[in-house]
Amino acid sequence: MKSVSLAALTSMTMLSPCLAQSSESEEWEYLLVFPMIWTPSITGTSGNSDGIVDIDIPFDNIVSNLNFGIMGDFYAQKGKWLLGVRANYLHIKSSNSSTYKPKLPFLPDITTTIDLDATMSLNDLFAGYEVTHGLVLLTGVRHTYSKFNVDIGVNEYDIPSINSSGHQFDWLVGLKYAHWFNQDWGLSLTVDTSIAGDNDVNRGLNLAGMYRLSNLNNIWFGYRYLNIQNDSGTTQIDVTQQGPMIGWAFSF
């Protein structure tokens, strides 16, 4: 196991395109991205000594089985220095059943049900420095919380549940590059990875297009990828979240 702390939903952080353009300013400038929607598919495995469960929640299940979700970013920049916070919380419930019909007539049908209750939270606290126009070095801490409860039934007989949960902290480093092609359209790419912490792997990628509605309002839209792996802790996890995102950015 690595030793230190974790940071997250945000160290992957898309630094504000608006802020990137005004890096020479000596006044504090702020950007709030809210609401922001991320609808990823979730795949992988999670568990502990009680057992390991496969996780496969496609995009359409996220949309239909989302119990609660919230996501937002906040950035503050002065000159070449940037500070930011990003938070994401996702709670999903899903239920699936399937029936197997034996070929022998005297054997009963076998019906299995799988109920999944999954919670994932990613929270990043980070800082950045613009080394050249549009290119920012990032570092920060990502907090990751995951909780998976799986209830399995066979022909109405319950099998002991598989439960896993845990808080992890990781120290991240990354790069972000933003470029405006004209007054209206821009592109932002951010990548990060853990270098120490509770997880063996904690890495992410944000690719976003940016459209300026006015001096104060922008729309971000694109794709986000996050992979977390931990094989050495009490809770073992190897989960990938990836999918489209869109958000409203207000600068002041």
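Start by selecting Arg-212 in this predicted model. Arg-212 is buried, yet it has no salt bridge. Show Asp-184 as well: this is the nearest side chain of opposite charge, and it sits 5.8 Å away. A salt bridge here needs the nitrogen within 4 Å of a carboxyl oxygen, so that pair doesn't make the cut. What does the side chain of Arg-212 reach instead? Add Gln-183 to the selection, with its backbone atoms on: the Arg-212 side chain comes to the backbone oxygen of Gln-183 at 2.5 Å. For orientation, Arg-212 belongs to strand β10, residues 201–212.

Next, the charged pairs that do meet. How many salt bridges are there? The count is three.

Select Arg-86 and Asp-73 for one of them; their side chains meet N to O at 3.1 Å. Color strand β5 (residues 81–100), home of Arg-86, and strand β4 (residues 66–78), home of Asp-73: the pair ties together parts 13 residues apart in sequence. Are these two buried or exposed? Arg-86 is buried, at 0% relative accessible area, and Asp-73 is buried too, at 2%.

Now jump to Arg-142. Its salt bridge with Asp-124 has the closest N and O atoms 3.1 Å apart. Arg-142 is in strand β7 (residues 135–154) and Asp-124 in strand β6, so this pair ties together parts 18 residues apart in sequence. Keep Arg-142 selected and add Asp-192, whose side chain also meets Arg-142 in a salt bridge, again 3.1 Å from N to O. This link spans distant parts of the chain, since Asp-192 is in strand β9 (residues 185–197), 50 residues from Arg-142 in strand β7. Shared partners join Asp-124, Arg-142 and Asp-192 into one network. Hide the surface to see them: Arg-142 is buried at 0% relative accessible area, Asp-124 at 3% and Asp-192 at 5%.

Switch to the greasy side of things. The largest nonpolar core has 34 residues. Select Val-33, Ile-42, Ile-57, Tyr-75, Phe-148, Trp-220 and Val-239, the ones that touch the most other members. Then color strand β6 (residues 110–132), which gives this core its largest share, five residues.

Finally, zoom out and go to cartoon view. You should find two helices and twelve strands, and from the N terminus they run α-β-β-β-α-β-β-β-β-β-β-β-β-β. Buried residues make up 48% of the 252 in the chain. Turn the surface back on: the chain exposes about 12400 Å², with carbon and sulfur atoms supplying 61% of it.

Terms used:
Residues are numbered from 1 along each chain as its sequence is written. This is a predicted model: local features need pLDDT of at least 70, side-chain atom pairs count only at pLDDT 80 or more; totals for chains, interfaces and linings use all residues. Side-chain values use heavy atoms; hydrogens and water are left out. A nonpolar core is a set of buried Ala, Val, Leu, Ile, Met, Phe, Trp, Tyr and Cys residues joined through side-chain atoms within 4.5 Å. Buried means under 20% relative accessible area, exposed over 50%, partly exposed in between (1.4 Å probe, protein chains only). Helices (H or I, at least four residues) and strands (E, at least two) are DSSP runs, numbered from the N terminus. Lys and Arg count as positive and Asp and Glu as negative; His and the chain ends are not counted. A polar contact is a pair of N or O atoms within 3.5 Å; within protein, one must be able to donate a hydrogen and the other to accept it, and residues adjacent in sequence count only if both atoms are side-chain atoms. Accessible areas come from the Shrake-Rupley method with a 1.4 Å probe; for residues, only the protein chains shown count as cover.
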